[in-house]
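User: I am new to reading protein models, and I would like to go through this one step by step. Could you take my questions in turn and explain each term as it comes up?

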Amino acid sequence: MGFPMRFPTAQVLPIIAVLFAGLALAQTARADAPPAGKPFLRIVVIDHSPPFSDRDADGLLVGFNIDFGRELCRSLDMVCSFDAAPFKQIIDDVAAGRYDIGFGNVLRTPDREQRLLFSIPYWRSSTSLVGRRGMPELGLEDAVRSRRIAAIRGSRQHAALLRLADADPALHANVIPVSTLDDLWEAMRSGQSDMAIGPTLNVVHFLLSDSGDGFETIGTPMSENGLGGSVHIIFPPGRHALKESVDRALTALRNDGTYQRINRNYFPFDIY
């Protein structure tokens, strides 16, 4: 059963806790000039993926990954610059060494392990369907057979829909590819699609916003078949010393409560 957008805080916390149990061009956002002798890191995040990364009214990057990245740099005693790029470009640019660190909300897969180094996990991902409030609960296979579903083109959610639709070519008409998160929600609001599918934490952010009024999750979060798992910070191949330093810093920020403090600014539950 899904959860509506409007909840008192006391009701939101237990509901979301149940849901989560067990589970393009880069633009410089801030030019941090490294002091003499101070190590410098180039960090890239996803362009427009609230609440992880977005731009404020002044065009500066804000969000969970920005706040956590700055604390990570403080812990490492390094100066960092932050850029933003589309998801696929992040993987390509970090793999090529154009950035030192990628906060791309990246799941670890065998193919990516051939191109990148991965930190220890820093949060856990899953996938959710969302639709108009009162829509019957549907599994993904039933949903794609009976509803038009919007998904971000090239995402793991889009790939999952296409795999299901391949069993019956006529079902491809029910898969509505869009370009961005904003397009995902607009497809439902405009009636272009009946439902949308996306990363659960982005879905939660939408449902808790004014734009999400009248919508709710359909069914429970999914993590099988590539739709979820542990999320990692990524590094270029060969940067083992940097990876190990980040792993130690990430653990320290969890142990001293810094991670949890930032977490509470964006989510009403622990995403780790």
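User: How many aromatic pairs does the structure hold?

Analyst: This is a predicted model, in which local features need pLDDT of at least 70 and side-chain atom pairs count only at pLDDT 80 or more, while totals for chains, interfaces and linings use all residues. Residues are numbered from 1 along each chain as its sequence is written, and side-chain values use heavy atoms, with hydrogens and water left out. Rings of Phe, Tyr and Trp (its six-membered ring) pair if their centres lie within 6.5 Å, and planes under 30 degrees apart count as stacked, over 60 as edge-to-face and the rest as tilted. Counted in this way, the aromatic pairs in the structure number 16.

User: Which kind of pair do the rings of Phe52 and Phe64 form?

Analyst: Phe52 lies in the loop between β2 (40-46) and β3 (54-55), whereas Phe64 is in helix α2, 12 residues apart; helices (H or I, at least four residues) and strands (E, at least two) are DSSP runs, numbered from the N terminus. The ring centres of Phe52 and Phe64 are 5.9 Å apart and the planes stand at 90°, so the pair is edge-to-face.

User: Is Tyr259, whose ring pairs with that of Phe64, buried or exposed?

Analyst: The rings of Phe64 and Tyr259 have centres 5.9 Å apart and planes at 85°, which makes the pair edge-to-face, and it links helix α2 with helix α10 (residues 258-266), 195 residues apart. Buried means under 20% relative accessible area, exposed over 50%, and partly exposed in between (1.4 Å probe, protein chains only). Because its relative accessible area is 0%, Tyr259 is buried.

User: How are the axes of helix α2 and helix α9 oriented?

Analyst: Axes are lines fitted to C-alpha atoms, for helices over the stretch in contact (heavy atoms within 4.5 Å), and angles run from 0 to 180 degrees between N-to-C directions. The axes of α2 (residues 64-76) and α9 (residues 240-255) come within 10 Å and cross at roughly 110°. Angles under 35 degrees count as roughly parallel, over 145 as roughly antiparallel, 65 to 115 as roughly perpendicular and the rest as oblique. The crossing therefore makes α2 and α9 roughly perpendicular.

User: Which strands stand at the edges of the open sheet of five strands?

Analyst: Two strands pair if DSSP finds at least two bridges between them, and this open sheet has mixed pairing and the order β10-β9-β11-β8-β12. Each edge strand has a single partner strand, so one side of each is left without a neighbour in the sheet; these are β10 (175-178) and β12 (215-222).

User: Which residue of β12 is the bridge partner of Gly131?

Analyst: Strand β8 (residues 127-132) and β12 run antiparallel and are joined by five bridges. Within β12, the partner of Gly131 is Glu216.

User: How many residues of β13 are buried?

Analyst: Strand β13 (229-235) is among the elements that the buried residues of α3 pack against. It is also joined by three bridges to β6, antiparallel, and by six bridges to strand β7 (residues 117-125), likewise antiparallel. Strand β13 is largely enclosed by the rest of the structure, because the buried residues are six of the seven.
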